Amino acid sequence: DRFLRYVKIDTTASADSDSYPSTPGQLDLGKMVADEMRSMGVLNVSMNSHGIVIGTLPSNVDQEVPVVAFNSHFATSPETTGKNVTPNVIDSYSGGDIQLSGDPTKIITVAENPELEDLHGATLITTDGTTLLGGDDKAGIAIILEMANHLIENPEIKHGEIRILFTCDEEIGHGIDHVDLEELNAKACY
């Protein structure tokens, strides 16, 4: 559900823009994500004027361990539109080629994507064929926030301090232009 909400926000990056982020939709998604982080209990959530969102899951162990960060980005590729995205949700995939609902001439084939054979029974989410889906990297945002929510809801899972970082304009080569590494204060970032 989280991912499906995110893909509907147009965050297509623009290499022709002189601003950072290059498009306003990235700020819109950043505000939404920052609010969700606060609601679930992530601490010290901030969003700067460049749309960079940072938050903290405090350590719940007694020993000192390195701070680890997880990063994803709001921007989607300018290769095709990210406006009016209609995700195609396939519950319990039964196998075979996938004809995209918005453009029946576009087909995801098993021949070109043999990994589909390993996904029988899974829920698949694709584009409808008229836009990109935005899985790069709205799926990453959703996964990081699901991880954070799971750790908050299950305090018996021990972990050191975790920093969450979401950036803009990665798709046009400017993802970390305005990241303050001192503020992030992490030994490693994934």
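**Helix 3, the sheet and the core**

Helix 3, which covers residues 135-153, has 19 residues and reaches 26 Å from its first C-alpha to its last, close to the 27 Å expected at 1.5 Å a residue. The model described here is a predicted one. The buried residues of helix 3 are Lys138, Gly140, Ile141, Ala142, Ile144, Leu145, Ala148, Asn149 and Leu151, and what covers them includes helix 1 (2-7), helix 2 (24-40), strand 2 (53-57), strand 3 (68-73) and strand 8 (162-167). An α-helix has 3.6 residues a turn, so residues three or four places apart point the same way.

An open sheet of five strands, with mixed pairing, follows the order 1-2-8-3-9. Strand 1 (43-47) and strand 9 (188-189) stand at its edges, each with a single partner strand, so one side of each is left without a neighbour in the sheet. Strand 1 pairs with strand 2 in the antiparallel sense over three bridges, and Thr56 in strand 2 is the bridge partner of Leu43. Helix 2 lies across strand 1, strand 2 and strand 8, and runs at about 170° to strand 1. Helix 3 also packs on the sheet, where it touches strand 2, strand 3 and strand 8, and its direction makes about 145° with that of strand 3.

The largest nonpolar core has 33 residues, and those with the most contacts inside it are Val33, Met37, Val42, Phe74, Ile141, Leu145 and Phe166. Helix 1, helix 2, strand 2, helix 3 and strand 8 each supply at least two residues of this core, with helix 3 giving the most, six residues. A second, separate core of seven residues includes Ile90, Tyr93, Ile98 and Leu124.

Definitions and conventions
Residues are numbered from 1 along each chain as its sequence is written. This is a predicted model: local features need pLDDT of at least 70, side-chain atom pairs count only at pLDDT 80 or more; totals for chains, interfaces and linings use all residues. Side-chain values use heavy atoms; hydrogens and water are left out. Helices (H or I, at least four residues) and strands (E, at least two) are DSSP runs, numbered from the N terminus. The expected span of a helix is 1.5 Å times one less than its number of residues. Buried means under 20% relative accessible area, exposed over 50%, partly exposed in between (1.4 Å probe, protein chains only). Contact means heavy atoms within 4.5 Å. A nonpolar core is a set of buried Ala, Val, Leu, Ile, Met, Phe, Trp, Tyr and Cys residues joined through side-chain atoms within 4.5 Å. Two strands pair if DSSP finds at least two bridges between them. Axes are lines fitted to C-alpha atoms, for helices over the stretch in contact, and angles run from 0 to 180 degrees between N-to-C directions.
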